[in-house]
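These are my notebook entries on a structure that I went through step by step. I looked up the fold first, then the charged side chains, and last a single residue.

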Amino acid sequence: MTRKNTLDIIKVDNHQHAPDHDEVVVRKVKQNLKLAAERHPEIPSGNIVSTELALIPSTSAALVRLPNRTSLSRLVNRVRQAHLPANPKTILVLSHWSTQ
C-alpha cells in the first residue's frame with residue numbers, strides 16, 4: 001500500500017479524572033444568564049441573576065464557585081450591549097428611525 005502526502009497523528013491521552021459536576025452547573029448558569037439577557041431585555045439584570053440563582057439548590061457546592069452577583073449582572077449587561085443597535089451617525093438617520 002502506497003500513501004502520498006498523508007500524515008497519521010496518534011495522540012495518547014493519559015488525562016483521566018472524574019467529571020466536575022459543579023463546573024458543569026456553573027457553565028450552565030452562565031449560559032442560561034446569557035440566553036435570558038438576549039430573550040428578555042426588558043427585565044433588569046439583577047432580576048435575571050436572582051431568578052437563575054434561585055434555581056440552584058442551596059446545598060450545591062456550585063454556588064461557591066460562581067462569580068459574585070455583581071459580576072453575573074455585568075455578564076448580563078455585556079450580552080445586552082452586544083445586541084444593541086449601533087448609535088446613529090447623523091441626525092438624518094435618527095429622524096428616519098423616529099418616523100417609523
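**Entry 1: fold.** I read the order of elements along the sequence and noted the pattern α-α-α-α-α for the protein chain. The count agrees with this: I found five helices and zero strands. I record here that the model is a predicted one.

**Entry 2: burial and contacts.** I looked up how much of the protein chain is buried, and 22% of its 100 residues count as such. I then took the contacts with a separation of 6 or more; residues 24 or more positions apart account for 67% of them. For the surface, I noted an exposed area of about 8,600 Å² for the protein chain, of which carbon and sulfur atoms supply 56%.

**Entry 3: salt bridges.** How many salt bridges does a search of the whole structure find? I obtained three. As background, I note that side chains of opposite charge can pair when their charged atoms come close.

I began with Asp-20 and Arg-65, whose side chains meet in a salt bridge at 2.7 Å, N to O. I placed Asp-20 in the segment before H1 and Arg-65 in helix H3 (residues 62-65); with their positions 45 residues apart, the pair links distant parts of the chain. I checked the exposure of both partners: Asp-20 is partly exposed at a relative accessible area of 33%, and Arg-65 is partly exposed at 39%.

Next I turned to Arg-65 and Glu-23, where I found a salt bridge of 3.4 Å, N to O. Because Arg-65 lies in helix H3 and Glu-23 in helix H1, this pair ties together parts that are 42 residues apart in sequence.

I then looked at Glu-23 with Arg-27, which form a salt bridge with their closest N and O atoms 3.4 Å apart. I located both in helix H1, four residues apart, about one turn of the helix. Is Arg-27 buried or exposed? I entered Arg-27 as exposed, since its relative accessibility is 59%. Glu-23, at 28% relative accessibility, I entered as partly exposed.

Putting these pairs together, I noted that Asp-20, Glu-23, Arg-27 and Arg-65 are linked in a network of salt bridges.

**Entry 4: positive patch.** Which residues form a positive surface patch? I listed Lys-30, Lys-34, Arg-74 and Arg-78. I then asked which helices supply at least two residues of the patch each. I noted helix H1 (21-39) and helix H4 (69-82). Arg-74, for one, I placed in helix H4.

**Entry 5: Ser-73.** I stayed in helix H4 and looked up Ser-73, which has its place there. Why does Ser-73 count as buried? I found a relative accessibility of 15% for Ser-73, and the cut-off for buried is under 20%. I then listed the contacts of Ser-73, leaving aside its neighbours within four places in sequence, and wrote down Ser-45, Gly-46 and Val-49.

How values were computed: Residues numbered from 1 in each chain as written. Predicted model: local features only at pLDDT ≥ 70, side-chain atom pairs only at ≥ 80, totals over all residues. Heavy atoms only, no water. Buried < 20%, exposed > 50% of the residue type's maximum accessible area, 1.4 Å probe, protein only. Contact = heavy atoms within 4.5 Å. Areas by Shrake-Rupley, 256 points an atom, 1.4 Å probe, with all protein chains shown as cover. Patch = residues over 30% accessible without salt bridge, like charges linked within 9 Å, V, L, I, M, F, W, Y side chains within 5 Å. Salt bridge = Lys/Arg side-chain N within 4 Å of Asp/Glu carboxyl O. Lys, Arg positive; Asp, Glu negative; His and termini not counted. Charge placed at Lys NZ, Arg CZ, Asp CG, Glu CD.
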